[in-house]
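The exercises below concern pairs of side chains and the burial of single residues. Work through each task before reading its solution.

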Amino acid sequence: MATRRSTKTAPTVPAPTDALNAALDVPRQQMALAAEGACSMFHGFEAIRHIQEKAAHEALTHYSNAAQRLKEASDPAQLLEIQADLMRFDVDGATRYWQQIGAVAVDMQNELISRFGHLVNDGGVLPAGASADEVHALASNWMTFFKGNARPEAS
């Protein structure tokens, strides 16, 4: 009598489909999107820091010169002239500073948009045709999540 041996074979795992591969690729795409956004922000922060450093250096130089001139001033007209010069420098410097900061902020936005647009055009995470209703629903869901997980205020 022939005995029949039962041979158990390892269960076969079905090959992942394209949809599954795409779903598994989403975390990588999200991380790439986050890294691209971070790069844009850090580039902008460096530019802002450079503007701040330059403005501080110019102010130090100008005020050092004004302090030296104040030590040597003996006439009230000279004091008024130095004060007017400092006021003019402060107003001009503040205007120039905020214009430069605003320009960097616009550049940061443009860089973010171009980087994110590049990812979308290459078949990335974000659907190109997301409607305003979908974006609003997503934002509402996030706000609900944040409100529900808020820490109680200290009394």
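There are three salt bridges in this predicted model, a salt bridge being a side-chain nitrogen of Lys or Arg within 4 Å of a carboxyl oxygen of Asp or Glu. The model is predicted, so local features need pLDDT of at least 70 and side-chain atom pairs count only at pLDDT 80 or more, while totals for chains, interfaces and linings use all residues. Residues are numbered from 1 along each chain as its sequence is written, and side-chain values use heavy atoms, with hydrogens and water left out.

**Exercise 1.** Describe the salt bridge of glutamate 58 and arginine 96, and state which helices the pair ties together.

Solution. Step one is the distance: N to O, the two side chains meet at 3.4 Å. Step two is the location. Glutamate 58 belongs to helix α1 and arginine 96 to helix α2, so the salt bridge ties together parts 38 residues apart in sequence. Helices here are DSSP runs of H or I with at least four residues, numbered from the N terminus; helix α1 covers residues 18–72 and helix α2 residues 76–121. Step three is accessibility, where buried means under 20% relative accessible area, exposed over 50%, and partly exposed in between (1.4 Å probe, protein chains only). Glutamate 58 is partly exposed at 28%, and arginine 96 is partly exposed at 36%.

**Exercise 2.** Which residues are linked with Asp85 in a network of salt bridges?

Solution. Start with arginine 69: its closest N and O atoms with aspartate 85 are 3.5 Å apart. Because aspartate 85 lies in helix α2 and arginine 69 in helix α1, this pair ties together parts that are 16 residues apart in sequence. Next take arginine 88, whose salt bridge with aspartate 85 has a closest N and O separation of 3.7 Å. Both of these residues lie in helix α2, three residues apart, about one turn of the helix. Hence the network consists of Arg69, Asp85 and Arg88. Finally, compare burial with the cut-offs. Aspartate 85 is buried, at 16%; arginine 69 is partly exposed, at 31%; arginine 88 is partly exposed, at 48%.

**Exercise 3.** How many aromatic pairs are there, and how is the pair of tyrosine 63 and phenylalanine 89 arranged?

Solution. Rings of Phe, Tyr and Trp (its six-membered ring) pair if their centres lie within 6.5 Å; planes under 30 degrees apart count as stacked, over 60 as edge-to-face and the rest as tilted. The count is three aromatic pairs. Tyrosine 63 and phenylalanine 89 have centres 6.4 Å apart and planes at 70 degrees, which is edge-to-face. The pair links distant parts of the chain, with tyrosine 63 in helix α1 and phenylalanine 89 in helix α2, 26 residues apart. Tyrosine 63 is partly exposed at 36%, whereas phenylalanine 89 is buried at 18%. Tyrosine 97 and tryptophan 98 are also edge-to-face, at 5.0 Å centre to centre and 85 degrees between the planes. Tryptophan 98 counts as exposed, at 58%.

**Exercise 4.** Is glutamate 111 buried or exposed, and what is it in contact with beyond its neighbours within four places in sequence?

Solution. Glutamate 111 sits in helix α2. Its relative accessibility is 17%, so glutamate 111 counts as buried. With those neighbours left aside, glutamate 111 is in contact (heavy atoms within 4.5 Å) with Ser40 and His43.

Note on methods:
Helix = DSSP H or I, 4+ residues; strand = E, 2+ residues; numbered from the N terminus.
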